[in-house]
Amino acid sequence: MTAATQSKPRIRSVESVFQGRPATDGAGVKLTRIIGSPEINRLDPFLLFDVFESDQPGDYIAGFPPHPHRGFETVTYMLAGKMAHEDSAGHSGVVEAGGVQWMTAGRGIIHSEMPQQAAGLLRGVQLWINLPAQLKMSAPAYREFDARHMPVDVRAGSEARIIAGTSSAGHAGPVQGVITEPLFADVSLSPGGSFTEALPHDHSVILYVVAGSLEVGEVPLQARQLAVLGAGEVVQLIAGADGARVLLVAARSLHEPVARGGPFVMNTREEIQQAFADYSAGRLLDAPATNQE
Ligand code: FE
């Protein structure tokens, strides 16, 4: 045991709070881009955090027609409404509120994500999580789970649905075995309730407030804010008078060079150029799969 593990665990404080900025993506879907914006380009290993939320069909109906990805994972978690998806590896499905689609693009995939509704509220988040160099050209993979598959970690004053990883109380979410060891939890706090969770110190931690208000350290957070937490070993959320619902996402930093080019995220400019060349030549999906894990 090292001195560091013997000392009192540090509670992670809020390092910064972001509101994001309006963006349009796909065939004209209005969304709020929080990570991947000029304010916060990335937070290793998180490359992008988008929120879509509208009850105006014109804001979302055009969806995200077929487009490619290479070199990372895309995670779509639905809060309201239905999103249908389909990809070049033969997977398809519909994700509804409380459901997740976890896609590993690896060497390449082409997919579409289209709202499965013509009216009503569509709300959800999309997160991009980077892959390390040795898995960027791995075979694509895909997982989808609905809300029934998420165990609920019930505690005094809180309930956490575990989507990925395993909570300290031993509740294992359906998404396991991801290289960046994510914990993805949808935490509901009763008024004044708290939620405390130990997380590895080399994990980046973000909170997205779905509803209500809370405090982390002395910092108040409100609905639709994204907080980046600072160094420490423990996360502690304390809800305000109306309770709160928060997405907590933690994942291990990769500490590798990042080269971005639209839908591709690699380690070098040359690899990005290769991805565009492969895509325009129609051989994005034919690249030999390597998996040196
Ligand atoms: Fe996509």
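**Entry 1: L127**

I started with L127, which is buried, with a relative accessible area of 0%. I noted that this is a predicted model before going further. L127 sits in strand 11. Leaving out neighbours within four places in sequence, I listed what L127 is in contact with: F46, L48, F49, E73, T74, V75, F184, I206 and V249. I also checked the spacing to T76, which is 51 residues away along the chain, and the two C-alpha atoms are separated by 6.5 Å.

**Entry 2: G99**

T76 turned up again when I looked at G99: with neighbours within four places in sequence set aside, G99 is in contact with T76, Y77, M78, F145, D146, A147 and M150. I found G99 in the loop between strand 8 (92-96) and strand 9 (100-104). Is this loop residue buried or exposed? G99 counts as buried, because its relative accessibility is 0% and the cut-off for buried is under 20%. One of its contacts is A147; G99 and A147 are 48 residues apart in sequence, yet C-alpha to C-alpha they are 4.9 Å apart in space.

**Entry 3: the iron ion**

Next I went to the metal. Which residues coordinate the iron ion? I got H67, H69 and H111, each through NE2, at 2.1 Å. I wrote the sequence spacing of the donor residues as H-x1-H-x41-H. H69 is in strand 5 (residues 64-69) and H111 is in strand 10 (residues 109-115), so I logged the pair as linking distant parts of the chain, 42 residues apart. I checked burial for this pair, and both H69 and H111 are buried.

**Entry 4: S112**

I stayed in strand 10 and looked up S112, which has its place there. S112 counts as buried, at 12% relative accessibility. Not counting neighbours within four places in sequence, S112 is in contact with F64, P65, P66, A84, H85 and E86. I took a C-alpha distance for one of these: S112 and A84 are 28 residues apart along the chain, with 8.1 Å between their C-alpha atoms.

**Entry 5: L121**

Then I moved on to L121, in the loop between strand 10 and strand 11 (122-130). L121 is partly exposed, with a relative accessible area of 39%. With residues up to four places away in sequence left out, L121 touches E53, S54, D55, A80 and G81. I looked at A80 in particular: L121 and A80 are 41 residues apart in sequence and 6.3 Å apart in space, C-alpha to C-alpha.

**Entry 6: backbone oddities**

I went through the backbone angles with one expectation in mind. Most residues other than glycine have a negative phi, and most peptide bonds are trans.

Which peptide bond is cis, with omega near 10°? I found it running from D44 to P45. P45 lies in the loop between strand 3 (29-35) and strand 4 (46-54).

I noted E181 next, since E181 has a positive phi of about 50° although E181 is not a glycine. E181 is in the loop between strand 14 (158-164) and strand 15 (183-189), and at 45% relative accessibility E181 counts as partly exposed.

I added H255 to the list, with phi near 55°, a positive value in a residue other than glycine. H255 has its place in the loop between strand 20 (234-252) and strand 21 (259-261). H255 is exposed, with a relative accessible area of 68%.

**Entry 7: the whole chain**

I finished with the totals. I have three helices and 22 strands down for the protein chain. Along its principal axes, the C-alpha trace spans about 55 × 50 × 35 Å.

Why did I put the chain down as agreeing with a compact globule? With 293 residues, such a globule would have a radius of gyration near 19 Å, and the protein chain has 19 Å.

Buried residues make up 51% of the 293 residues. Of the contacts with a separation of 6 or more, 71% are between residues 24 or more positions apart.

The accessible surface comes to about 12400 Å², and 52% of that belongs to carbon and sulfur atoms. For charges, I wrote down 22 positive and 31 negative side chains, with the centres of the two sets 2 Å apart.

Notes
Residues numbered from 1 in each chain as written. Predicted model: local features only at pLDDT ≥ 70, side-chain atom pairs only at ≥ 80, totals over all residues. Heavy atoms only, no water. Helix = DSSP H or I, 4+ residues; strand = E, 2+ residues; numbered from the N terminus. Rg over C-alpha atoms; globule rule 2.2 N^0.38 Å. Buried < 20%, exposed > 50% of the residue type's maximum accessible area, 1.4 Å probe, protein only. Contact = heavy atoms within 4.5 Å. Areas by Shrake-Rupley, 256 points an atom, 1.4 Å probe, with all protein chains shown as cover. Lys, Arg positive; Asp, Glu negative; His and termini not counted. Charge placed at Lys NZ, Arg CZ, Asp CG, Glu CD. Donors = N, O, S within 2.8 Å, 3.2 Å for Na, K, Ca; no water.
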